[in-house]
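Trainee: Could we go through this one together? I'd like to start with charges and rings.
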Amino acid sequence: MVDDYILNLLVIGILLLTVTLGSGWISGLPVSYALIYLIVGIGLGPYGVKLIDLRPEALFLQRLTEFVVIVSLFSCGLKMNRPLQFWAWNSTARLIGFLMPISIFAVAAVGHWLVKLDWGAAILLGAILAPTDPVLASEVQLANIDDRDELRFGLTSEGGLNDALAFPFVYFGIYALKDNNWPNWFSQWVAVDLIWATATGIVMGIVVAKAVTWIDRQLQRYRPADQLMEDFIALSTILLTYSLTEVVNGYGFLAVFVAGIVMQRSYHNPEKPLSQLHFTERIEKLMEIATILLLGSLLRLEPMLAYGGYSLLVAGLLIFLIRPVGAWISTIGSPLHPASRWLCGWFGIRGVGSIYYLTYAFGNGLEGEIAERIAWITFTTIVISVILHGITSTPLMNWYERRIKPKVPDLI
């Protein structure tokens, strides 16, 4: 009898070959790669051939999504082609400073009043669903370092930052779950989890990336690195930045994103960051396949139906009301075209970042019936988001490229 592991390798090999050779046709269809991986994952799970059997609380899933997110955030940082001045990041500041808090607290309000969660669990749910996914949203993000489009820049930078900056609210929700008396821990949360961890993440991202590029330049003077091995500088920077930042209790996600920005600006040869971007994007795509396959395989019909009412309520309000209206409010007075503002509101795909925050919460006190409720609301929201955004992203962005983008001058 053939081992299940061998069969899994066979299926993944067929999938990779199919999406690679068929990419020319797939890219023109109103369907995303993530949707294809999700369907295949469901087929590999208990409702299909039963090759994958993984429970959502598995530590492996947390570590996998963690790695996928940090690679993706570094890749987003490498694409940030704007000068570090407020006017150039106007859209980003609006989407992070206004839209993210609006999304978190609006979902928390829905969670508290309609899903019957305590405020701590409701805020945790809002924080878990806050990140827009930089892994699954490649169709609407910056295509390369030279892309100057404002809509794509805003969505890319938002996906890079809100995956990191939702973390304080995740901690807030976890603390509130453990201790309903907020004054007992609120000041510590502000000092450590909000101020220290955020500032440390920014500083460590700058310091580590600067150190790596300086060492790289010094050593290249004496003996150039092997061309085939040079792209591993990107991977080593990601791992060093993330691990060192976490050691000093900073936000590693934020540090890795900042490190990508710094690396992109630190090399005199523009080919080096471009090569690193291509390298990290390949890793990101491979890890995306693994993550979405696992997501599809762990879906269970019974709990999804049991919590279906709550899930559809949260997902529907988030996707069709909270995100679009929040984006419109957040971009009042911005240079974005009105159609771009609505597209910002629609393209808020949820995915790998939310899975990571959920599994992180599992390991830090989220348990029991509340954990089940939050988990299946999260998984269902991600599935609905992958389906809806996967179907609409290609035609909407094609329409945008034809009709809207030519009318809007680039900011830089």
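Trainee: Which ring does the charged end of R341 sit over?

Mentor: The charged end of R341 sits over the ring of W328, 3.5 Å from its centre, where a charge counts as over a ring if NZ of Lys or CZ of Arg is within 6 Å of the ring centre and within 35 degrees of the ring normal. This is a predicted model, in which local features need pLDDT of at least 70, side-chain atom pairs count only at pLDDT 80 or more, and totals for chains, interfaces and linings use all residues. Residues are numbered from 1 along each chain as its sequence is written, and side-chain values use heavy atoms, with hydrogens and water left out.

Trainee: And what lies over the face of F153?

Mentor: That is R82, at 4.1 Å from the ring centre.

Trainee: Back to R341, why is helix α15 described as largely enclosed?

Mentor: Because 7 of the 9 residues of α15 (residues 338–346) are buried, the rest of the structure largely encloses this helix; buried means under 20% relative accessible area, exposed over 50%, and partly exposed in between, with a 1.4 Å probe and protein chains only. Helices (H or I, at least four residues) and strands (E, at least two) are DSSP runs, numbered from the N terminus. Among the buried residues of α15 are R341 and W346.

Trainee: What covers them?

Mentor: The cover includes α5 (90–113), α7 (150–165), α14 (308–330) and α17 (368–404), judged by contact, meaning heavy atoms within 4.5 Å.

Trainee: New topic: is W189 buried or exposed?

Mentor: W189 is buried, with a relative accessible area of 6%, whereas F186 is partly exposed at 38%.
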